[in-house]
Amino acid sequence: MKIRPLADRVLIEPAAAEEKTIGGIIIPDTAKEKPMKGKVVAVGNGTKDDEMIVKEGDTVLYGKYSGTELEFEGEKFLVMRQSDILAIIG
């Protein structure tokens, strides 16, 4: 990965939004619920006060409005602080 988060930040690849149809009507991307789950692809080194608990490969849950969205080489990612992560799945 060419992006390396600093301090207590984490780079997350959001899970794909689920396709939903209602009575044969396909819901457009703009109306889909944003996923609140993703895979950690890179982590920072932490700070002197906060050690990094999450690690690369973890699947995590995060708040609906957490993080900053960015696009890198055609893929969408979120960068957020470790404290914005609610739980590690599995």
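This text leads the reader through the structure shown above, from its overall plan to individual residues. The structure is a predicted model.

The protein chain is built from strands alone as far as regular elements are concerned: it holds eight strands and zero helices. Read along the sequence, the pattern is therefore β-β-β-β-β-β-β-β. Of the 90 residues in the protein chain, 27% count as buried. The accessible surface of the protein chain amounts to about 6,500 Å², and carbon and sulfur atoms account for 51% of that area. Contacts across the sequence also deserve attention. Among contacts between residues at least 6 apart in sequence, 62% join residues at least 24 apart.

The next topic is the sheet. Six strands form an open sheet in the order S6-S7-S1-S4-S5-S8, and their pairing is antiparallel. At the edges of this sheet are strand S6, residues 68-72, and strand S8, residues 85-89, each of which pairs on one side only. From one strand to the next, the twist averages 40°.

Individual pairings within the sheet can now be followed, beginning with S6. Strands S6 and S7 pair in the antiparallel sense over five bridges. In this pairing, glutamate 71 stands opposite lysine 76 in S7. The two strands form a hairpin with two residues between them. Strand S7 also pairs with S1: four bridges join these two strands, which run antiparallel. Here arginine 9 stands opposite arginine 81 in S7. Elsewhere in the sheet, S5 and S8 run antiparallel and are joined by four bridges. Tyrosine 62 stands opposite isoleucine 85 in S8.

Which residues have a positive phi although they are not glycine? Glutamate 73 is one of them, with a phi of about 50°, and alanine 7 is another, with a phi near 50°. These values merit notice because most residues other than glycine have a negative phi. Glutamate 73 lies in the loop between S6 and S7, in the turn of the hairpin that these strands form. Alanine 7, by contrast, lies in the segment before S1. The two residues can also be described by their accessibility. Glutamate 73 has a relative accessibility of 59% and so counts as exposed, because the exposed class begins over 50%. Alanine 7 has a relative accessible area of 29% and is therefore partly exposed.

Glutamate 73 also leads to the salt bridges, of which the model contains three. In one of them, the side chains of glutamate 73 and lysine 2 meet at 3.5 Å, N to O. Glutamate 73 belongs to the loop between S6 and strand S7 (75-81), while lysine 2 belongs to the segment before strand S1 (9-14), so this pair ties together parts that are 71 residues apart in sequence. Both glutamate 73 and lysine 2 are exposed.

Another salt bridge joins the side chains of aspartate 8 and arginine 81 at 2.6 Å, N to O. This pair, too, links distant parts of the chain: aspartate 8 is in the segment before S1 and arginine 81 is in strand S7, 73 residues apart. Are the partners buried or exposed, or in between? Aspartate 8 has a relative accessible area of 8% and is therefore buried, because the buried class lies under 20%. Arginine 81, at 36% relative accessibility, counts as partly exposed. Arginine 81 thus has a place both in this salt bridge and opposite arginine 9 in the pairing of S1 with S7.

The remaining salt bridge is formed by the side chains of aspartate 58 and lysine 55, at 3.5 Å, N to O. Aspartate 58 is buried, with a relative accessible area of 10%, whereas lysine 55 is exposed, with a relative accessible area of 52%.

A final feature is found on the surface. Which residues make the nonpolar surface patch? Leu61, Leu86 and Ile89 make this patch, which covers about 270 Å². Leucine 61 is found in strand S5, residues 59-62. At 33% relative accessibility, leucine 61 counts as partly exposed, and this value satisfies the patch requirement because patch residues must have over 30% relative accessible area. Strand S5, which holds leucine 61, is the strand joined to S8 by four bridges.

Technical notes:
Residues are numbered from 1 along each chain as its sequence is written. This is a predicted model: local features need pLDDT of at least 70, side-chain atom pairs count only at pLDDT 80 or more; totals for chains, interfaces and linings use all residues. Side-chain values use heavy atoms; hydrogens and water are left out. Patches are made of residues with over 30% relative accessible area and no salt bridge: like charges are joined within 9 Å, nonpolar side chains (Val, Leu, Ile, Met, Phe, Trp, Tyr) within 5 Å. Accessible areas come from the Shrake-Rupley method with a 1.4 Å probe; for residues, only the protein chains shown count as cover. A salt bridge is a side-chain nitrogen of Lys or Arg within 4 Å of a carboxyl oxygen of Asp or Glu. Buried means under 20% relative accessible area, exposed over 50%, partly exposed in between (1.4 Å probe, protein chains only). Two strands pair if DSSP finds at least two bridges between them. Axes are lines fitted to C-alpha atoms, for helices over the stretch in contact, and angles run from 0 to 180 degrees between N-to-C directions. Contact means heavy atoms within 4.5 Å.
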